[in-house]
Amino acid sequence: MKRIRVDFNYVMDKYVKGGLDDSALEKYKEKARIGLARLLHMFDEGQAGFIDLPKQDTSAIKKFAKEVSGKFNDLIVVGIGGSSLGVETLCNAMLTYGYNARSFAERGCFPRVWVADNVDT
């Protein structure tokens, strides 16, 4: 599995008021090691298919998307326990402010995106 590098500088108290100090970060290092070990185990057992997502054949999905393009005015994503947060983050990053308030034509005949989620506490 390819490694990623995470820059966490801007969660630290020297950059952000109320951020983590070095001792708080130390507490999370062991949790991160355990989480990574679990993820690698899942990957080795074939239980984490999302890791290989970039290598997967997407031709059927692209074909379907082409067939339904422009036929829907709304896309509703339903999540449980935060599972839709990735979609919400991508929409916030990639769509212009007020995207859903624009007309179908102003959105380039793309649907509005609605995210319904209940975040477990």
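**Pockets, a surface patch and salt bridges**

By class, 14 of the residues lining the largest pocket are nonpolar and six are charged, with no polar ones at all. The structure described here is a predicted model, so the pockets and contacts below are features of that prediction. The lining of this largest pocket takes in 20 residues, and the space it encloses comes to about 670 Å³. Lying nearest the centre of the pocket are Arg3, Ile4, Val6, Leu36 and Leu39.

The second largest pocket holds about 290 Å³ of space. Its lining is made up of Phe72, Asp74, Leu75, Cys91, Met94, Leu95, Tyr99, Phe110, Pro111 and Val113. Two elements give two or more residues each to this lining, namely strand S1 (74–80) and helix H3 (85–94). Sorted by class, the lining residues of the second largest pocket come out as nine nonpolar, no polar and one charged.

Next comes the surface. Ile4, Val6, Phe8 and Val11 together make a nonpolar patch of about 410 Å². Two of these names have already come up, since Ile4 and Val6 are also among the residues nearest the centre of the largest pocket. Val11 sits in the segment before helix H1 (22–44). With a relative accessibility of 41%, Val11 counts as partly exposed, because that label covers values between the buried limit of 20% and the exposed limit of 50%.

Helix H2, running over residues 59–68, is hardly covered. Of its 10 residues, the number that count as buried is zero. After H2 comes Gly70, which has a positive phi, near 85°.

Now for the charged contacts. Side chains of opposite charge can pair when their charged atoms come close. The structure holds four salt bridges, and three of them are taken up here, starting with helix H1. There, the side chains of Lys29 and Glu26 meet in a salt bridge, with 3.0 Å from N to O. Both residues belong to H1 and lie three residues apart, which is about one turn of the helix. As for cover, Lys29 is partly exposed at 35% relative accessibility, and Glu26 is partly exposed too, at 48%.

Another salt bridge joins the side chains of Glu30 and Arg33, at 3.2 Å from N to O. Here again the setting is helix H1: Glu30 and Arg33 are three residues apart, so about one helical turn separates them. Glu30 has a relative accessible area of 42% and is therefore partly exposed.

What about Asp74 and Arg112? Their side chains meet in a salt bridge of 2.8 Å, N to O. This pair links distant parts of the chain, as Asp74 lies in strand S1 and Arg112 in strand S2 (residues 112–118), 38 residues apart. Asp74 has a relative accessible area of 33%, so it counts as partly exposed. Arg112 has a relative accessible area of 21% and is partly exposed as well, because a residue has to be under 20% to count as buried. Asp74 also turns up in the lining of the second largest pocket, so this residue ties the two parts of the account together: it helps line that pocket and it pairs with Arg112.

Conventions
Residues numbered from 1 in each chain as written. Predicted model: local features only at pLDDT ≥ 70, side-chain atom pairs only at ≥ 80, totals over all residues. Heavy atoms only, no water. 1 Å grid on protein atoms, 1.4 Å probe; cavity = no way out; pocket = protein on both sides within 12 Å on 5 of 7 lines; lining within 4 Å. Points joined across faces, edges and corners; volume = space filled by probe spheres on them. Nonpolar A, V, L, I, M, F, W, Y, C, P; charged D, E, K, R; others polar. Helix = DSSP H or I, 4+ residues; strand = E, 2+ residues; numbered from the N terminus. Patch = residues over 30% accessible without salt bridge, like charges linked within 9 Å, V, L, I, M, F, W, Y side chains within 5 Å. Areas by Shrake-Rupley, 256 points an atom, 1.4 Å probe, with all protein chains shown as cover. Buried < 20%, exposed > 50% of the residue type's maximum accessible area, 1.4 Å probe, protein only.
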